[in-house]
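Student: I've got a protein model open and I'm not sure how to read it. Could you walk me through it?

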Amino acid sequence: MPVYDYHCAHCKTTFSVRKSISELDSPSACPECASQETQRLISVVAIFSGGGGGERRALAGVSACGGCSAAGSGCASCRPR
Ligand SMILES: [Zn+2]
């Protein structure tokens with residue numbers, strides 16, 4: 001079963017959830033604060049790597065949620081402080 005990373009908008013925790021694809025759209029509660037204000041972090045390698053080199057710097061702190069991945073720069077809810 002794949003593991004997905006989630007970011008909690010409430011306490012800023014990032015956590016991983018193992019769930020099936022059929023459960024993907026159901027919210028995952030934050031393990032720290034039980035908030036359901038969580039966003040799934042998509043795999044952003046292709047978006048932030050510039051299309052080559054396999055650089056994974058996006059995972060070092062820059063995250064994108066499903067709502068802003070097209071812009072490639074992060075939105076207010078997932079952009080690092
Ligand atoms: Zn939380």
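Tutor: Sure, let's begin with one pair of residues: Asp5 stands opposite Ser16 in S2. Keep in mind as we go that this is a predicted model.

Student: What joins S1 to S2, and how do the two strands run?

Tutor: The general idea is that strands of a sheet pair through backbone hydrogen bonds, either parallel or antiparallel. Here strand S1, residues 3-8, is joined to S2 by five bridges, and the two run antiparallel. You can follow the partners across: Val3 has Arg18 as its bridge partner in S2, and Tyr6 has Phe15.

Student: How many bridges join S1 to S3?

Tutor: Four bridges join S1 to S3, and these strands run antiparallel too. Try finding His7, whose bridge partner in S3 is Gln39.

Student: In what order do the three strands sit in the sheet?

Tutor: The order is S2-S1-S3, in an open sheet with antiparallel pairing. S2 and S3 are the edge strands, each pairing on one side only. On average, neighbouring strands of this sheet are turned by 40 degrees against each other, ignoring direction.

Student: Which pattern does the whole chain follow along the sequence?

Tutor: Reading along the sequence, you get β-β-β-α. That is three strands and one helix in the protein chain.

Student: Now the loops. What is unusual about the phi of Lys12?

Tutor: The general idea first: most residues other than glycine have a negative phi. Lys12 is not a glycine, yet it has a positive phi of about 65 degrees. You'll find Lys12 in the loop between S1 and S2. Those two strands make a hairpin with five residues between them.

Student: Is Lys12 buried or exposed?

Tutor: To judge that, count the other C-beta atoms within 10 Å: a residue is exposed if there are 12 or fewer, and buried if there are 20 or more. Lys12 has 12, so it counts as exposed.

Student: Which residue in the loop between S2 and S3 can I compare with that? Ala34 lies there, doesn't it, so what is its phi?

Tutor: Good pick. Ala34 does lie in the loop between S2 and S3, and it has a positive phi of about 65 degrees although it is not a glycine. Ala34 is exposed because there are 10 other C-beta atoms within 10 Å of its own.

Student: Where is Leu24, and is it buried or exposed?

Tutor: Leu24 has its place in the loop between S2 and S3. With 12 other C-beta atoms within 10 Å, Leu24 is exposed. Now look across from it in space: the C-alpha atoms of Leu24 and Arg40 are separated by 8.7 Å, while the two residues are 16 apart along the chain.

Student: How exposed is Pro31, and where does it lie?

Tutor: Pro31 lies in the loop between strand S2 (14-18) and strand S3 (38-41). It has 14 C-beta neighbours inside 10 Å, so Pro31 counts as partly exposed. From Pro31 to Cys8 is 23 residues in sequence and 9.2 Å in space, C-alpha to C-alpha. Another pair to try is Lys12 and Cys30, which are 18 residues apart in sequence and 9.6 Å apart in space, again C-alpha to C-alpha.

Student: What share of the protein chain is buried?

Tutor: Buried residues make up 16% of its 81 residues. As for contacts with a separation of 6 or more, residues 24 or more positions apart account for 35% of them.

Student: Last one: what is the average pLDDT of the protein chain?

Tutor: pLDDT is the predictor's confidence in each residue, from 0 to 100. The protein chain averages 73, and 52% of the residues score at least 70. Over residues 45-49 the pLDDT stays under 50, and the model has 12 contacts beyond four places in sequence for that stretch.

Key: Residues are numbered from 1 along each chain as its sequence is written. This is a predicted model: local features need pLDDT of at least 70, side-chain atom pairs count only at pLDDT 80 or more; totals for chains, interfaces and linings use all residues. Two strands pair if DSSP finds at least two bridges between them. Axes are lines fitted to C-alpha atoms, for helices over the stretch in contact, and angles run from 0 to 180 degrees between N-to-C directions. Two residues are in contact if their C-beta atoms, placed from the backbone, lie within 7 Å.
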